[in-house]
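Colleague: I would like a close look at one part of this model, the space enclosed inside it. Please start with what surrounds that space and then work outwards.

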Amino acid sequence: MAAPQLMHSSSFASVTRDVSARGARVRLIEAGEAHAPALLLVHGCLSSRLVWEDVLPKLAAHFRVIAPDLPGFGQSEKPPPARYSYGFQAFAESLVDVIAALGLGPISICGHGMGGSVALTLAARHHALVDKLVLVDPIVYPPRVDLLSRLANMPVVGPFAFKQLCGRTVFRSYFKDRVYAPDAKIPWDRVDHHFDVFNAPAAREAALATLRAMADTRPLVALLPRVTAEALLVWGRQDRTLPVGQGRRLARELRSARYEVFECGHSPPEESPDAFADITTSFLSR
């Protein structure tokens, strides 16, 4: 484990550290009191732990928050697909290593998009490690296909186009048209940061492998009956990738789930941070 580095904002202090997870170096940030209930935040695809930036201070006032960059994303290591099997199960097992490295468990997990899929996978396979789940627009049923996913899954030509021709304009359009609501104030600096990290051969290779693995969600659907943790589902009514009806379906299929709909797009932690932090804190503190 790398030596921790202290970081301070105007309202809270955080620690950035590296841990080894399934042989890959994972960069994470910790905030909040060490003895507070632990909360693991898991970001989605083409994103990083920065998606939690607006809610981290409020959550850290109540929980020991751990926000990692999954392997292949953000500031974590980006091993080649031949060495790391990108996908829901591999990410979940990496988080098991993170939890063990920090001496945590049981722990509450909040996952966004693909991160929600990873949280469900972890909860289904490791019941004893998971206390509660907060699932934010998780990818469980087939999403509406977007340009990046279509390119990633096209044979021969698709991977070349994804790795060589997907520039900043296409990346920005994906976030504008698929992630945020039409009237949302888009955090372009954050989106551009995600592109800058993505715009390297190893990162593009990792993103390509991840998008291809996410195309088939049937194994995840098959795991749903094994999830026993109490769950809060948060969905954006204007999510243009995962229709709100998918949230209602998932709430019915999970054993113990509460369902809340926000007036936003696919990213409630960014589009409605105060309301999201409040409802998450209320649910986890019950």
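Modeller: Helix 7 is the element that gives the most to the lining of the largest cavity, with four residues. Helices here are DSSP runs of H or I with at least four residues, strands are runs of E with at least two, and both are numbered from the N terminus. This is a predicted model, where local features need pLDDT of at least 70 and side-chain atom pairs count only at pLDDT 80 or more, while totals for chains, interfaces and linings use all residues. Residues are numbered from 1 along each chain as its sequence is written, and side-chain values use heavy atoms, with hydrogens and water left out.

A search of the whole structure finds one cavity of 30 Å³ or more. A cavity is a set of points on a 1 Å grid over the protein atoms alone where a 1.4 Å probe fits but cannot get out, and its lining residues have an atom within 4 Å of a point. The points are joined across faces, edges and corners, and the volume is the space filled by probe spheres set on them. For the largest cavity that volume is about 100 Å³. It is lined by 14 residues, and those closest to its centre are Ser47, Phe73, His194, Val197 and Phe198. Helix 7 spans 188-198 and helix 8 spans 201-214, and each supplies at least two residues of this lining. Sorted by class, the lining has seven nonpolar, six polar and one charged residues. Nonpolar covers Ala, Val, Leu, Ile, Met, Phe, Trp, Tyr, Cys and Pro, charged covers Asp, Glu, Lys and Arg, and the others, Gly among them, are polar.

Next comes the open space. A pocket is an open set of points with protein on both sides within 12 Å along at least five of seven lines. The largest pocket has a volume of about 490 Å³. Its lining has 32 residues, and Ile139, Asp146, Ser149, Tyr174 and Met214 lie nearest its centre. Helix 7 and helix 8 appear here again, together with helix 4 (147-153) and helix 6, each supplying at least two residues of the pocket lining. By class, the pocket lining has 17 nonpolar, nine polar and six charged residues.

Tyr174, one of the residues nearest the pocket centre, lies in helix 6, residues 168-179. Tyr174 counts as buried because its relative accessibility is 17%; buried means under 20% relative accessible area, exposed over 50%, and partly exposed in between, with a 1.4 Å probe and protein chains only. Leaving aside neighbours within four places in sequence, Tyr174 is in contact (heavy atoms within 4.5 Å) with Leu46, Asp146, Leu148 and Val179. Tyr174 is 33 residues from Ala207 in sequence, and their C-alpha atoms are 14 Å apart in space.

Leu46, a contact of Tyr174, sits in the loop between strand 4 and helix 1 (56-60). Leu46 is not a glycine, yet its phi is positive, about 60°. Most residues other than glycine have a negative phi. Leu46 is also buried, because its relative accessibility is 6%.

Strand 4, which stands before that loop, takes in residues 38-42, and five of its five residues are buried. In a regular strand the side chains alternate between the two faces of the sheet. Here both faces are covered, with Ala38, Leu40 and Val42 buried on one side and Leu39 and Leu41 buried on the other. Strand 4 pairs with two strands, where pairing needs at least two DSSP bridges. With strand 5 (residues 64-68) it runs parallel and shares three bridges, and Leu40 has Ile66 as its bridge partner there. With strand 6 (residues 107-112) the pairing is also parallel, over four bridges, and Val42 stands opposite Gly111.

The last item is the nonpolar core, a set of buried Ala, Val, Leu, Ile, Met, Phe, Trp, Tyr and Cys residues joined through side-chain atoms within 4.5 Å. The largest core has 73 residues, and Met114 and Leu133 touch the most other members. Helix 2 (residues 88-101) gives the most to this core, with eight residues. Beyond four places in sequence, the contacts of Met114 include Phe73, Ile139 and Met214. Phe73 is among the residues closest to the cavity centre, while Ile139 and Met214 are among those nearest the pocket centre.
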